[in-house]
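Okay, thanks for squeezing me in, everyone. Today I'd like to talk about charged side chains and who pairs with whom. Let me put the structure up.

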Amino acid sequence: MPFVLKRKSEGVCPRGFKEFYPFTGKKGHDGVDSAGWLWFSKVYFSADYEGFLHLETDADRGLGVDIVSKKPILQCTETGCGAIHHVKKRYWHLSKRYGTEGQIVLPGMLVGRVGNSGASSGVHLHDATMWCAPDGKTMHTDNGYGGAFDDSGYFTNEFINSNINNMIKKIAL
C-alpha cells in the first residue's frame with residue numbers, strides 16, 4: 001500500500017499546519033510523518049545503533065517509544081555545540097507498544113504498531129531523531145524543532161544498500 005512521506009524541512013509543514021507550529025513555539029514539524037499506512041502495521045527500530053527503550057505517553061494519551069543510544073554517537077550540528085551526543089529515535093501515535101522500560105533494542109526489532117493515538121488527525125507514524133542526554137532527556141529543545149534534527153545525512157541503511165548493490169551486480173551480468 002502506498003504512503004505519503006512528509007519531511008521536516010525549513011519552511012515546509014504538513015498541509016493545514018503551517019500556522020499551527022509557530023503557535024506551539026516551533027519553526028516547523030519535528031519529524032517525518034508517514035500517512036496512509038494500514039492500521040496496526042508493524043513498526044521496527046530503523047536506526048543503526050543499540051539503545052534502551054523508553055515507553056512514552058503524552059497528555060493527549062498519545063503512545064510512543066523512544067530508543068536512546070547506549071553511548072554518544074553523533075557530533076551535534078546545533079549552533080555553537082559540536083559535542084558528541086546521545087540520540088534517540090522517537091516513534092509516536094502508536095496503537096500498541098512492544099517491550100519493557102529500559103529493555104535493550106537492536107536495529108530491526110519490533111517496537112510498536114501504527115495507530116492514531118494522542119493529538120493526531122489520522123492513522124500515521126511520526127518518526128523523529130532527537131539530541132538527548134544519556135538518560136533520554138531531550139537536548140537543544142530551543143532549536144525550533146523541539147530538539148529534533150534531520151538525520152538523513154547520518155545513517156545509512158546497510159540492508160537496503162546491500163540489496164541494491166546485489167541487484168546492480170545481477171543486472172551487470
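Start with Lys89: this one is buried, at a relative accessible area of just 5%. Keep in mind that we're looking at a predicted model.

So who does Lys89 pair with? One partner is Asp127, and their closest N and O atoms sit 2.7 Å apart. Asp127 is in strand 11, residues 124-132, while Lys89 is in strand 7, residues 84-92, so this pair ties together parts 38 residues apart in sequence.

Asp151 also meets Lys89 in a salt bridge, at 3.2 Å from N to O. Here Asp151 comes from the loop between strand 12 (148-149) and helix 2 (158-172), and Lys89 is in strand 7, so the parts being tied together are 62 residues apart in sequence. Is Asp151 buried or exposed? Asp151 counts as buried, because its relative accessibility is 15% and the cut-off for buried is under 20%.

There's a little network too: Asp66, Lys88 and Arg90 are joined by salt bridges that share partners.

Now over to Glu50, which forms a salt bridge with Lys70, with the closest N and O atoms 2.9 Å apart. That pair links distant parts of the chain, 20 residues apart: Glu50 sits in the loop between strands 3 (42-44) and 4 (51-57), and Lys70 in the loop between strands 5 (63-69) and 6 (74-75). Both ends are partly exposed: Glu50 has a relative accessible area of 36%, and Lys70 has 40%.

And the total for the structure? Five salt bridges.

Key: Residues numbered from 1 in each chain as written. Predicted model: local features only at pLDDT ≥ 70, side-chain atom pairs only at ≥ 80, totals over all residues. Heavy atoms only, no water. Salt bridge = Lys/Arg side-chain N within 4 Å of Asp/Glu carboxyl O. Helix = DSSP H or I, 4+ residues; strand = E, 2+ residues; numbered from the N terminus. Buried < 20%, exposed > 50% of the residue type's maximum accessible area, 1.4 Å probe, protein only.
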